[in-house]
Amino acid sequence: MRTYHKDIGCPRLSLKVDLMKAFDMVDWGFLLETLAAFHFPPRIITWIKACLTTPKFSISFNALVLKAALDDLSLLSGFLVNQAKSNIFTSGLSSPTNQQLINLFGYTVDSLPIQYLGIPIISTKVYLHDCSPLVDKVFSRLTFWLNRDLSYTGRLQFIVSVLSSLQVFLANYICLHIKILKNIEQKFRSFLRNRVEGDSKGVKLSWSDICLHKKDGGLGIKDLSSLNKALMIMHLWILMYGTNNLWPS
């Protein structure tokens with residue numbers, strides 16, 4: 001979706017297609033055996049298997065071919081396209097071409113950014129406002145527990161077990177803005193000292209020391225920036241060495 005916010009450059013089209021039935025109910029092993037029984041080429045079956053076992057894939061199609069493929073999918077599988085939840089995204093196309101595609105698919109025209117499975121889909125780098133829901137989520141949890149009678153150990157365990165995990169899902173897919181991570185860590189520090197944000201009372205400790213492993217004298221709280229980088233690097237490892245990935249082979 002890079003540069004989709006611009007009207008210049010190579011013409012592009014993206015679709016967000018929502019099927020009315022859950023794919024998780026399908027026995028994928030049976031599907032692959034059926035394809036083999038119908039003598040589909042092994043390479044095609046490998047591609048389909050990769051699409052089923054990995055959540056990320058990209059295929060380039062002629063619009064008419066793609067529409068015909070979606071119609072055939074609905075006819076053969078019974079999975080109907082949910083028109084109300086499906087969207088079309090275009091970039092670099094003329095107005096007449098845009099209208100032709102809209103008429104062809106019948107989907108609602110949408111623009112970025114959007115939220116998909118809790119992840120912001122954007123065409124530029126991640127800005128502060130794109131991650132603001134994450135900070136609001138952390139703050140709501142802290143506000144609820146701030147006035148509870150939690151001991152220091154209880155607050156520490158709550159940060160390690162609950163609060164630190166709130167950003168893991170998002171950090172697993174995008175590089176979070178450093179100011180967002182610092183903002184969250186500031187809320188962690190205030191909560192650990194059982195103080196409201198901005199209260200300067202209490203003993204101050206270096207956050208980098210607090211984030212050290214317990215055997216090194218820290219409290220075992222994960223450094224959010226380092227965790228985010230590690231999760232991003234993990235994708236490179238999966239891309240190069242993952243056994244269920246299409247590209248290494």
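**Notebook: salt bridge, helix H10 and chain totals**

I searched for salt bridges and counted one. The model I worked from is a predicted one.

I then looked up the partners. Lys-67 is paired with Asp-71, and their closest N and O atoms are 3.0 Å apart. I placed both Lys-67 and Asp-71 in helix H3 (residues 63-77), where four residues, about one turn of the helix, separate them. An α-helix has 3.6 residues a turn, so residues three or four places apart point the same way.

I checked how far each partner is covered. Lys-67 has a relative accessibility of 18% and therefore counts as buried, the cut-off being under 20%. For Asp-71 I noted a relative accessible area of 40%, so this residue is partly exposed.

Next I examined helix H10, residues 224-241. Its 18 residues should span 26 Å at 1.5 Å a residue, and I found its end C-alpha atoms 25 Å apart, which agrees. I listed its buried residues as Leu-224, Ser-225, Leu-227, Asn-228, Leu-231 and Met-232. These buried residues of H10 pack against two helices, H7 (168-171) and H8 (178-192).

Last, I recorded values for the whole chain. I noted ten helices and five strands in the protein chain. Its length is 249 residues, of which 29% count as buried. Among contacts with a separation of 6 or more, 66% join residues 24 or more positions apart. The exposed area of the protein chain is about 16,600 Å², and carbon and sulfur atoms supply 61% of that area.

Note on methods:
Residues numbered from 1 in each chain as written. Predicted model: local features only at pLDDT ≥ 70, side-chain atom pairs only at ≥ 80, totals over all residues. Heavy atoms only, no water. Expected span 1.5 Å × (residues − 1). Buried < 20%, exposed > 50% of the residue type's maximum accessible area, 1.4 Å probe, protein only. Contact = heavy atoms within 4.5 Å. Salt bridge = Lys/Arg side-chain N within 4 Å of Asp/Glu carboxyl O. Areas by Shrake-Rupley, 256 points an atom, 1.4 Å probe, with all protein chains shown as cover.
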